[in-house]
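Dear colleague,

I am passing this structure on to you, and my notes on it follow below. Please read them with the coordinates open beside you.

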Amino acid sequence: MTRTVPMNLGQVMEGKVVLITGADSGIGKETALGLARMGASLVLVCRDRKKAETAKEEIAKAAGNASIELLLADLLVQREVRRVAGEFNATHPRLDVLVNNAGAGFMSYGETEDGIERTMAVNYFAPFLLTNLLLETLKNSAPSRVVNVASSEHSSGHLDLENINKDSRMGTVGSGAYARSKLALVLFTHELARRLQGTGVTANCLNPGAVRTKIWNNSGALTPLFRFFSLFMASAEKGAQTSIYLASSPEVKGVSGEYFDKKIPKRSSEASYDETMARRLWDLSERMTGLVAARL
Ligand SMILES: NC(=O)c1ccc[n+]([C@@H]2O[C@H](COP(=O)([O-])OP(=O)(O)OC[C@H]3O[C@@H](n4cnc5c(N)ncnc54)[C@H](OP(=O)(O)O)[C@@H]3O)[C@@H](O)[C@H]2O)c1
């Protein structure tokens, strides 16, 4: 992010508090930059202090906006998600936009201390838990927005609620786990939007497209191939545009429960509209994250 930047894009986010996870690189960092240029007050949730501080400095300088705060957490671990949500709620009376952007894809099987497969833990359970823990603050700040960064890969996902860590069709790790985690995130977005009707809080998700970021550097034996293909992918700046749009545009005020691609609402996979599955996934997720059932 070394380019010089046109300042002051209308300051349409002046006075708005935006929390973005995974904001020290790739799409999240560009989302933060775009919203900082619009005057938002940012809270960046990152796991590596050094990288986070570098990103904060670069964004502040490039956007001419020093209202950027860091919170550190490894979102793989639920106690870290709880801690960071507690830190935010203790110091911020309002939250206008939550962008659940952090994501990863693990090529080998491993479970977190919560007993959850790692790709599912970062890409689905962390956003589920964080969003629920910040929900009262979002409701108190309405109109407010939740933006979940999903993927077109959700279409090939398959969820087995009897064993959320495994998928007999697609395999346990790699693209199988990634697709499953993103399907869960889209189901969650649809269910969240239904539960939030009438509260003034909207929930939407998006596909950023194929974007040249470091996420492709962790593809096991296929890494050199993906690195090569990533040369032809969109820049992170371009990949962040739909996140920025959903976080800030008056055009999507009141729009909820949608899946966006290139700023346009599109139909997500058939499986993602299964309301019974979405409710069962919600109940299971509440149990697996220790949330009380009657939160909404
Ligand atoms: N790039 C694509 O083509 C593409 C396509 C569809 C969807 N997406 C989605 O876009 C989102 C952003 O990904 P990206 O492409 O910008 O990749 P990226 O550059 O690797 O960024 C991912 C971000 O998530 C953070 N993160 C990962 N695991 C974390 C953890 N355990 N705790 C806290 N933060 C964690 C990373 O932190 P570190 O810097 O510390 O690793 C990084 O800031 C992800 O949800 C991804 O699934 C990307």
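Which polar side-chain atom lies 2.8 Å from a nitrogen atom of the ligand? It belongs to Asp74, and before going further I should say that the model is a predicted one. Two more such distances involve oxygen atoms of the ligand: a polar side-chain atom of Thr213 lies 2.6 Å from an oxygen atom of the ligand, and a side-chain N or O atom of Lys182 is 2.9 Å from an oxygen atom of the ligand. Taken on its own, the ligand has 880 Å² of accessible area, and the protein covers 96% of it. The ligand is surrounded by 28 residues, of which the closest are Asp24, Lys51, Asn101, Tyr178 and Thr213.

Backbone geometry

Most peptide bonds are trans, and most residues other than glycine have a negative phi, which is the background for the next three places. Ala142 and Pro143 are joined by a cis peptide bond with an omega of about 5°, and Pro143 lies in the loop between α4 and β5 (144-149). In the loop between β7 (259-261) and β8 (264-266) sits Lys262, which has a positive phi of about 50° although it is not a glycine. Lys263 is also placed in the loop between β7 and β8, and its phi is positive as well, at about 65°. Lys262 counts as exposed because its relative accessibility is 66%, whereas Lys263, at 37%, counts as partly exposed.

A buried glutamate

Glu117 is found in the loop between β4 (97-100) and α4 (118-140), and with a relative accessible area of 0% this residue is buried. A polar atom of the Glu117 side chain lies 3.0 Å from the backbone nitrogen of Thr119. Although Glu117 and Ile164 are 47 residues apart along the chain, their C-alpha atoms are separated by 8.3 Å.

Salt bridges

Side chains of opposite charge can pair when their charged atoms come close. Searching the whole structure gives 12 salt bridges, and one of them joins the side chains of Glu80 and Arg83, with an N to O distance of 3.3 Å. These two residues are three apart in helix α3 (residues 78-91), so about one helical turn separates them; Glu80 counts as buried at 18% relative accessibility, while Arg83 counts as partly exposed at 32%.

Another salt bridge is formed by Glu162 and Arg280, whose closest N and O atoms are 3.6 Å apart. This pair links distant parts of the chain, 118 residues apart, with Glu162 in the loop between β5 and α5 (174-195) and Arg280 in helix α9 (residues 275-289). Glu162 is exposed, at 69% relative accessibility, and Arg280 is partly exposed, at 42%.

Arg194 forms a salt bridge with Glu275, the closest N and O atoms here being 3.8 Å apart. Because Arg194 lies in helix α5 and Glu275 in helix α9, the pair ties together parts that are 81 residues apart in sequence. Salt bridges that share partners connect Glu191, Arg194, Arg195 and Glu275 in one network.

Surface

Finally, Leu222, Leu225, Phe228, Phe229, Leu231 and Phe232 make a nonpolar surface patch of about 650 Å². Leu222 is located in the loop between β6 (201-207) and α6 (223-230), and counts as partly exposed at 44% relative accessibility.

With best regards

Terms used
Residues are numbered from 1 along each chain as its sequence is written. This is a predicted model: local features need pLDDT of at least 70, side-chain atom pairs count only at pLDDT 80 or more; totals for chains, interfaces and linings use all residues. Side-chain values use heavy atoms; hydrogens and water are left out. Patches are made of residues with over 30% relative accessible area and no salt bridge: like charges are joined within 9 Å, nonpolar side chains (Val, Leu, Ile, Met, Phe, Trp, Tyr) within 5 Å. Accessible areas come from the Shrake-Rupley method with a 1.4 Å probe; for residues, only the protein chains shown count as cover. A salt bridge is a side-chain nitrogen of Lys or Arg within 4 Å of a carboxyl oxygen of Asp or Glu. Helices (H or I, at least four residues) and strands (E, at least two) are DSSP runs, numbered from the N terminus. Buried means under 20% relative accessible area, exposed over 50%, partly exposed in between (1.4 Å probe, protein chains only). A residue is near a molecule or strand if one of its heavy atoms lies within 4 Å of it. A polar contact is a pair of N or O atoms within 3.5 Å; within protein, one must be able to donate a hydrogen and the other to accept it, and residues adjacent in sequence count only if both atoms are side-chain atoms.
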